[in-house]
Amino acid sequence: METLRQIGCDIVIRSAGSHSPIDVIGIDSKSRHIFFIQCKPESMSDNAKNKIKMPLEWLNGSFTSTFEIV
């Protein structure tokens, strides 16, 4: 989370105890870039990380976003 703040993210959100594919979200208003991050221990093998990453590759790319207050 601190790294995201250091690179300029205005919004950094952690999904505590997450069982979803996204543990941390960072949003940089200047670059209009959104980061979706899945956190795993450094001890996890690259092969194991790739098994998680491959089905979620669709998260890379452009999306349309909407902000609403309800």
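This text walks through the structure from its overall layout to its sheet, its cysteines and its main pocket.

The model is predicted. Start with the whole chain. The protein has 70 residues, and 13% of them count as buried. Its C-alpha trace spans about 40 × 25 × 25 Å along the principal axes. The secondary structure amounts to 2 helices and 3 strands. Followed along the sequence, these elements give the pattern α-β-β-β-α.

Now look at the strands. They form an open sheet of 3 strands in the order 1-2-3, and the pairing is antiparallel. Strand 1, residues 11–14, is an edge strand, and so is strand 3. Each of these two pairs on one side only. From one strand to the next, the twist averages 10°. As a rule, the strands of a sheet pair through backbone hydrogen bonds, in either a parallel or an antiparallel way.

Take the pairs in turn. Strand 1 and strand 2 run antiparallel and share 4 bridges. Two positions help to find this pairing on the model. Ile-11 stands opposite Ile-27 of strand 2. Val-12 stands opposite Gly-26, also in strand 2.

Ile-11 is a useful landmark. This residue belongs to strand 1. Is Ile-11 buried or exposed? Neither term fits, because its relative accessibility is 41%, and that counts as partly exposed. Ile-11 can also be set against Leu-59, which lies 48 residues away in sequence. In space, the two are 19 Å apart from C-alpha to C-alpha.

Next comes the other side of strand 2. Strand 2 and strand 3 pair in the antiparallel sense over 5 bridges. Gly-26 has Phe-35 as its bridge partner in strand 3. Asp-28 has His-33 as its partner there. Gly-26 therefore appears twice in this tour: opposite Val-12, and paired with Phe-35 across bridges between strands that DSSP identifies.

Strand 2 also has two distinct faces. In a regular strand, side chains alternate between the two faces of the sheet. Here the covered face carries Val-24, Gly-26 and Asp-28. Ile-25 and Ile-27 make up the uncovered face. Ile-27 is the residue that Ile-11 stands opposite.

Between strand 2 and strand 3 the chain makes a hairpin, with 4 residues between the strands. Arg-32 sits in this loop. Its phi is near 60°, a positive value in a residue other than glycine. Where does Arg-32 stand in terms of exposure? Arg-32 is exposed, with a relative accessible area of 75%.

The cysteines come next. How many disulfides does a search of the whole structure find? The count is 0. Cys-9 is in no disulfide, and the nearest cysteine sulfur to it belongs to Cys-39. Why is Cys-39 not bonded to Cys-9? The sulfur of Cys-39 lies 13 Å from that of Cys-9, its closest cysteine sulfur, so the two are too far apart for a bond. A disulfide needs the sulfur atoms within 2.5 Å. The two residues can also be described by their accessibility. Cys-9 is buried, with a relative accessible area of 8%. Cys-39 counts as partly exposed, at 43% relative accessibility.

Finish with the pocket. The largest pocket has a volume of about 960 Å³. Its lining is made of 28 residues. Nearest its centre lie Ile-34, Phe-35, Phe-36, Leu-59 and Asn-60. Three elements give two or more residues to this lining: strand 2 (24–28), strand 3 (33–37) and helix 2 (46–53). Which of them gives the largest share? Strand 3 does, with 5 residues. By class, the lining has 12 nonpolar, 9 polar and 7 charged residues.

Two names in the pocket link back to earlier steps. Phe-35, one of the residues nearest the pocket centre, is also the bridge partner of Gly-26. Leu-59, also among those nearest the centre, is the residue set against Ile-11 at 19 Å.

Notes:
Residues are numbered from 1 along each chain as its sequence is written. This is a predicted model: local features need pLDDT of at least 70, side-chain atom pairs count only at pLDDT 80 or more; totals for chains, interfaces and linings use all residues. Side-chain values use heavy atoms; hydrogens and water are left out. On a 1 Å grid over the protein atoms alone, a cavity is a set of points where a 1.4 Å probe fits but cannot get out, and a pocket is an open set with protein on both sides within 12 Å along at least five of seven lines; lining residues have an atom within 4 Å of a point. Grid points are joined across faces, edges and corners, and a volume is the space filled by probe spheres set on the points. Ala, Val, Leu, Ile, Met, Phe, Trp, Tyr, Cys and Pro count as nonpolar, Asp, Glu, Lys and Arg as charged, and the others, Gly among them, as polar. Axes are lines fitted to C-alpha atoms, for helices over the stretch in contact, and angles run from 0 to 180 degrees between N-to-C directions. Buried means under 20% relative accessible area, exposed over 50%, partly exposed in between (1.4 Å probe, protein chains only).
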